[in-house]
Amino acid sequence: MIEIRNISKWYGSFQVLTDCSTKVDKGEVVVVCGPSGSGKSTLIKCVNALEPFQKGEIIINRISVGDPKTDLPKLRSHVGMVFQHFELFPHLSIIDNLRLAQVEVLGRGREEAGEKGLALLDRVGLKAHADKFPGQLSGGQQQRVAIARALAMDPFCMLFDEPTSALDPEMINEVLDVMVELAQEGMTMMVVTHEMGFARKVANRVIFMDQGQIIEDAAKEEFFGAPRSERAQHFLSKILNHC
Amino acid sequence: MNYHWDWGIFFKSTGIGQEIYLHWFITGLGWTVALSLSGWLIAMLLGTVLGVLRTLPQRSLSAIGTAYVNLFRNVPLLVQLFVWYFIVPDYLPEPIQTWFKQGLKPEISGFISVVACLGLFTAARVCEQVRTGIQALPRGQINAALALGLNPWKTYRHVLLPQAFRIIIPPLTSEFLNIFKNSSVASLIGLMDLLAQTKQTAEFTANLFEAFTLATLIYFTLNMSLMLMMRWLEKRVKVPGLISLGGK
Amino acid sequence: MDFSSIVSALPDLLQGMLLTLKLLVFAVAGGIALGTLLALARLSSNRLLSFLAGFYVNYFRSIPLLLVITWFYFIVPFMLAWATGKMHPVGAFASSLVAFMMFEAAYYCEIVRAGIQSIPKGQVNAAYALGLNYHQAMRLVVLPQAFRKMAPLLLQQSIILFQDTALVYAVGLMDFLNTARSRGDITGQLHEFLLFAGVIYFVLSFIASRIVLRLQSKLAVGQN
């Protein structure tokens with residue numbers, strides 16, 4: 001589904017990603033973790049070309065992301081993305097947030113888009129808030145809306161960029177619950193997160209990154225059982241003690 | 001020094017038909033409003049396009065916006081007016097040139113020159129506000145719009161510009177008020193706007209204190225009403241639950 | 001386009017530019033001085049004083065500069081005559097200068113006011129604690145800091161004023177633009193003269209605004 005082949009990226013002369021390769025198969029959930037500044041957010045933004053990369057290749061459903069001939073808007077419309085700071089559009093009501101891209105990108109009718117939006121809001125438990133504005137919701141609610149907004153496009157895979165790290169602790173679980181449900185339904189997911197509880201519960205594989213490199217890429221049991229690299233061990237001990 | 005105060009002067013006949021001096025002020029105000037609103041329309045359209053250009057990643061496109069702003073902000077308004085009034089008409093392509101110079105009434109061709117001047121002058125200022133507004137938005141908003149598959153044009157149209165315009169209503173208000181004040185340069189090329197009518201009344205009646213007092217009162221009231229109108233607009237488009245959009 | 005007669009007109013144009021600059025310098029100095037007084041009045045605890053200053057500022061900010069220039073050209077001679085009982089011939093230069101000073105003071109006032117308000121209240125308290133009175137605290141502690149901070153904005157406003165001086169065309173003063181226009185009329189090369197004037201205004205304003213930008217970044221660094 002998603003294939004990342006030998007990606008390298010520089011900001012000027014500073015290398016942020018070095019020769020990263022991995023893949024996410026259909027129905028798989030892959031968690032990417034690592035210390036801050038390790039390049040994990042940059043890597044996931046390369047997947048839907050929000051960040052350009054200078055070397056390597058990313059293939060989504062046989063389409064090359066880096067190819068200048070690729071219709072990026074079309075490709076992105078099939079790749080859902082959830083951001084750290086939610087990024088709902090503050091000037092649009094919740095239902096209009098869900099409707100906008102359905103109408104403008106997929107060409108659905110307003111009514112059809114509205115029905116689809118309401119159904120998804122219902123699914124994340126926020127149907128009653130459809131006519132409010134993002135500024136009137138809590139962080140956890142906003143992030144659930146953001147997930148619903150991405151799902152409204154019928155994506156064939158979902159990218160999560162630290163979806164819970166801007167949330168107050170008491171709101172993290174409501175978002176994770178939605179994500180777990182999504183994973184159990186068989187959605188293909190690539191998730192940048194420090195929530196190791198989430199990883200243990202639903203991940204198939206865990207990737208550990210440091211200094212722009214993929215240090216470890218292992219099945220979940222293997223990763224939590226006995227990480228091979230010292231850096232991953234160190235990171236895990238810090239993260240797990242913290243929780 | 002004898003000065004004959006006469007506050008009733010505005011209701012006295014000008015000696016031309018049934019006209020009283022107050023009529024002159026009303027016609028003048030009409031010209032002022034027409035000039036300013038027409039210029040504002042151009043300024044908003046062009047200024048928005050230029051402001052968007054200045055935020056684009058393509059260097060050559062944003063350079064166009066930058067060059068425009070530098071040029072139009074560093075040449076005095078009056079010089080710009082002279083260019084539009086004295087020079088540009090001579091370089092219009094032929095059938096249009098004759099039509100513009102001879103086919104149109106002088107006040108119409110003068111009106112067009114002033115509107116072009118005010119519009120292009122103010123566009124440089126609107127451009128800067130639009131650019132500031134867009135740049136004040138969190139970078140993540142662009143990413144979120146692109147990630148949903150919106151193309152750049154739709155990203156600006158549905159996500160960035162509606163938010164940017166809400167942020168910049170206060171500075172835009174002051175540019176909007178400025179164009180009304182700036183439109184008084186029209187009097188210098190013989191258009192009978194509010195200022196020109198005031199001067200004419202002062203010269204005809206010798207009651208210059210009264211004439212200028214009324215003119216400042218009209219400008220003052222105009223200014224206040226426009227400001228209240230913009231405040232009303234700002235409240236109307238305010239998004240619930242949002243105190244300030246430019247927070248981050 | 002034929003720019004030949006501009007060369008022979010250069011001495012005249014220089015005279016015009018000198019008049020423009022003279023007007024500019026006096027108007028900036030007078031405007032800032034009056035503007036500072038207005039700002040102090042606006043911030044004063046005396047309600048009446050602060051209301052009057054506020055009214056002055058709002059009044060001048062809501063009418064066109066060109067109206068003020070024209071009006072003052074007509075009425076300054078009358079005012080002087082009433083004040084002194086005799087008719088004095090007042091030239092367009094003096095009336096324009098008064099108009100610019102009074103008009104620009106309203107704009108400078110707002111800049112100075114914001115500058116004063118940006119100085120932490122603790123500075124004033126510290127000055128009082130040292131035994132300084134209000135005038136000393138303002139003159140020795142607050143204003144010097146405020147002016148440093150607002151120098152770029154004051155200069156920015158002065159660049160706008162430089163461009164606005166061209167409006168004295170309305171009262172027939174022979175400033176740089178009017179000289180260029182009249183020489184252009186005489187020689188039949190109006191286009192060339194106007195474009196030349198435009199280029200000179202552009203170059204001077206552009207350089208000045210570059211300097212302001214430099215100053216701004218320098219001050220921003222100095223504050224850290």
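In what order do the elements of chain C run from the N terminus on? Reading along the chain in this predicted model, you meet α-α-α-α-α-α-α-α. The tally for chain C is accordingly simple to state: 8 helices and 0 strands.

Let's stay with chain C for a moment and look at its overall build. The C-alpha trace spans about 70 × 55 × 25 Å along its principal axes. Chain C has 224 residues, and 48% of them count as buried. If you take the contacts in chain C between residues at least 6 apart in sequence, 76% join residues at least 24 apart. On the outside, chain C exposes about 11000 Å², with carbon and sulfur atoms supplying 67% of that area.

Now turn to the place where chain B touches chain A. Here 23 residues of chain B and 24 residues of chain A take part in the contact. Between them, about 2100 Å² is buried, and carbon and sulfur atoms give 67% of this area.

What polar links can you look for across this interface? There are 5 residue pairs in polar contact, with both residues at pLDDT 80 or more, and there is 1 salt bridge. To find a salt bridge on screen, go to E104(A) and K154(B), whose side chains meet at 3.5 Å, N to O.

On the chain B side, the elements giving two or more residues to the surface that touches chain A are α6 (139-147) and α7 (152-167). Of the elements there, α6(B) gives the most, with 7 residues. By residue class, this side of chain B divides into 12 nonpolar, 8 polar and 3 charged residues.

Terms used: Residues are numbered from 1 along each chain as its sequence is written. Chains are lettered from A and ligands numbered from 1 in the order in which they are written. Side-chain values use heavy atoms; hydrogens and water are left out. Contact means heavy atoms within 4.5 Å. Buried area is the accessible area (1.4 Å probe) that two parts lose on being put together, summed over both. A salt bridge is a side-chain nitrogen of Lys or Arg within 4 Å of a carboxyl oxygen of Asp or Glu. A polar contact is a pair of N or O atoms within 3.5 Å; within protein, one must be able to donate a hydrogen and the other to accept it, and residues adjacent in sequence count only if both atoms are side-chain atoms. Helices (H or I, at least four residues) and strands (E, at least two) are DSSP runs, numbered from the N terminus. Ala, Val, Leu, Ile, Met, Phe, Trp, Tyr, Cys and Pro count as nonpolar, Asp, Glu, Lys and Arg as charged, and the others, Gly among them, as polar. Buried means under 20% relative accessible area, exposed over 50%, partly exposed in between (1.4 Å probe, protein chains only). Accessible areas come from the Shrake-Rupley method with a 1.4 Å probe; for residues, only the protein chains shown count as cover.
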